[in-house]
Amino acid sequence: MSLYLDNNATTSLHPAVKEAIIEFLDSYGNPGSMHEAGRRVKDRLDSAREEIASFLGTTPTKIMFTSCASESNNTILKSLLLHDFGFKPHMITSAIEHPSIITTARYLEKNGVDVTYLPVTKDGIIEISALEKAITDRTVLVSIMHANNEIGTVQPIEEAAKLLTQKNIFFHSDMVQAPGKIIFNLDSMDIDAASFSAHKMHAPKGIGALYFKNSKAENFPFTPLIHGGHQENGLRAGTENTIGIIAWAAACRAIKADVQNEIDYIKNLRDSFENIIKESISDIVINGESAPRKPCTSNVSFKYVEGESILLRLDMEGIAVSTGSACSTGSLDPSHVIMALHNDPETAHGSIRFSFSRENSMEDVQATAAALKKTIDFLRSISPLTPKG
Ligand SMILES: Cc1ncc(COP(=O)(O)O)c(C=O)c1O
């Protein structure tokens with residue numbers, strides 16, 4: 001059996017993406033070159049940028065390509081905050097952000113920026129009243145993610161955006177987990193910047209984007225993270241990942257055709273999975289269950305057992321799942337996201353993320369639920385934490 005249920009970590013290439021890559025493979029011109037080979041690729045790049053922008057609900061001039069969303073997140077925070085403001089700048093983010101925001105925020109703290117990490121409710125949602133209270137007259141930037149990568153909860157970013165527009169504070173959102181899973185239109189959201197990554201939506205790794213509306217940023221300068229040539233309007237140097245961009249545009253085209261059906265299909269898989277395990281396995285917590293969640297994600301804490309043991313035993317059965325974010329692999333710390341919800345190391349250590357995609361079927365759901373029950377029964381039978389009798 002080989003079942004892939006780790007689609008929040010990354011996704012397989014869509015067949016239309018594979019075709020687009022093969023078709024483009026011989027187009028090696030540098031889009032910055034003035035000759036015909038370069039101009040041809042530049043034209044393809046321009047159309048791809050337009051398609052990606054349109055999928056995200058914006059216009060091509062607001063899309064800056066990067067190598068990944070981690071770069072987009074680093075770029076926006078460092079480029080806007082590492083300046084001499086004449087006062088100590090303050091940034092607000094949440095306690096459940098991806099490591100590429102949290103560790104950048106910690107780096108900024110060491111470099112003269114005050115950071116507030118907003119707590120979340122036990123369902124994994126920030127409160128707008130807490131955001132409003134955290135704002136000071138030194139707050140220059142707020143970064144709140146859209147859908148959480150570990151538990152899928154969807155933050156009230158449109159409300160946050162409205163509030164921050166009134167207050168004239170720059171608002172960035174890490175929207176990596178949203179495209180294709182949540183329908184949105186960037187330009188109607190009052191967001192100043194947002195990060196995206198192609199490999200979360202059936203396109204290749206190594207290509208990301210930063211949506212950047214150069215409005216409130218007029219109040220303070222933007223320093224590129226990567227200096228060099230004039231690519232991306234001088235905001236991000238480096239020859240563009242042309243194959244990655246062409247492939248990403250193909251993914252947008254393919255997904256756009258059927259996005260609502262795909263969302264309904266995946267949500268049905270996720271909900272069925274949760275209904276089966278709630279019936280068959282005792283002592284579980286579905287993290288973020290009562291909050292709005294992206295449709296593909298189910299994060300479950302199993303009492304008395306370790307997430308790593310569950311992951312390894314499911315892997316032996318050919319089922320790929322994850323504990324926390326792929327970027328935290330190698331760390332023995334409990335998930336900072338589950339800790340932020342429950343402040344309980346046992347619940348955090350026993351959590352597993354199942355993330356579904358268009359490629360999974362109801363048979364996969366049933367097979368996973370059955371393998372999971374067997375695994376949990378076995379691990380609990382040997383766990384010293386399981387209550388006896
Ligand atoms: C919410 C979120 N932000 C940022 C990233 C980083 O994306 P990338 O792998 O493109 O650097 C991820 C990847 O897991 C993510 O889920």
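This report looks at how the two domains meet, what surrounds the ligand and where one long-range salt bridge sits.

Keep in mind that this is a predicted model, where local features need pLDDT of at least 70, side-chain atom pairs count only at pLDDT 80 or more, and totals for chains, interfaces and linings use all residues. Residues are numbered from 1 along each chain as its sequence is written, and side-chain values use heavy atoms, with hydrogens and water left out.

**The two domains**

The protein splits into domain 1 (3–11 + 259–382) and domain 2 (15–256), with bounds that come from an automatic or database domain assignment. Their centres, taken over C-alpha atoms, are 27 Å apart. Where they touch, 34 residues of domain 1 are in contact with 34 residues of domain 2; contact here means heavy atoms within 4.5 Å.

How much area is buried between domain 1 and domain 2? It comes to about 2800 Å², and carbon and sulfur atoms give 57% of that. Buried area is the accessible area (1.4 Å probe) that two parts lose on being put together, summed over both. Thr11, Val259 and Lys294 supply 22% of what domain 1 buries against domain 2, more than any other three residues.

As for specific links, there are zero salt bridges between the domains, but 16 residue pairs are in polar contact, both at pLDDT 80 or more. A polar contact is a pair of N or O atoms within 3.5 Å; within protein, one must be able to donate a hydrogen and the other to accept it, and residues adjacent in sequence count only if both atoms are side-chain atoms.

**Around the ligand**

The ligand has 14 residues around it, and Ser70, Asp174, Gln177, Ser197 and Lys200 come nearest. A residue makes this list if one of its heavy atoms lies within 4 Å. Here are some polar side-chain atoms and their distances to ligand atoms:

| Residue | Ligand atom | Distance |
|---|---|---|
| Asp174 | nitrogen | 2.6 Å |
| Gln177 | oxygen | 2.8 Å |
| His199 | oxygen | 2.9 Å |

**A long-range salt bridge**

The structure holds 19 salt bridges, each being a side-chain nitrogen of Lys or Arg within 4 Å of a carboxyl oxygen of Asp or Glu. One of them joins the side chains of Asp6 and Arg353 (3.1 Å, N to O). These partners are 347 residues apart: Asp6 is in the loop between strand 1 (3–4) and helix 1 (15–24), while Arg353 is in strand 12 (residues 351–355). Helices (H or I, at least four residues) and strands (E, at least two) are DSSP runs, numbered from the N terminus.
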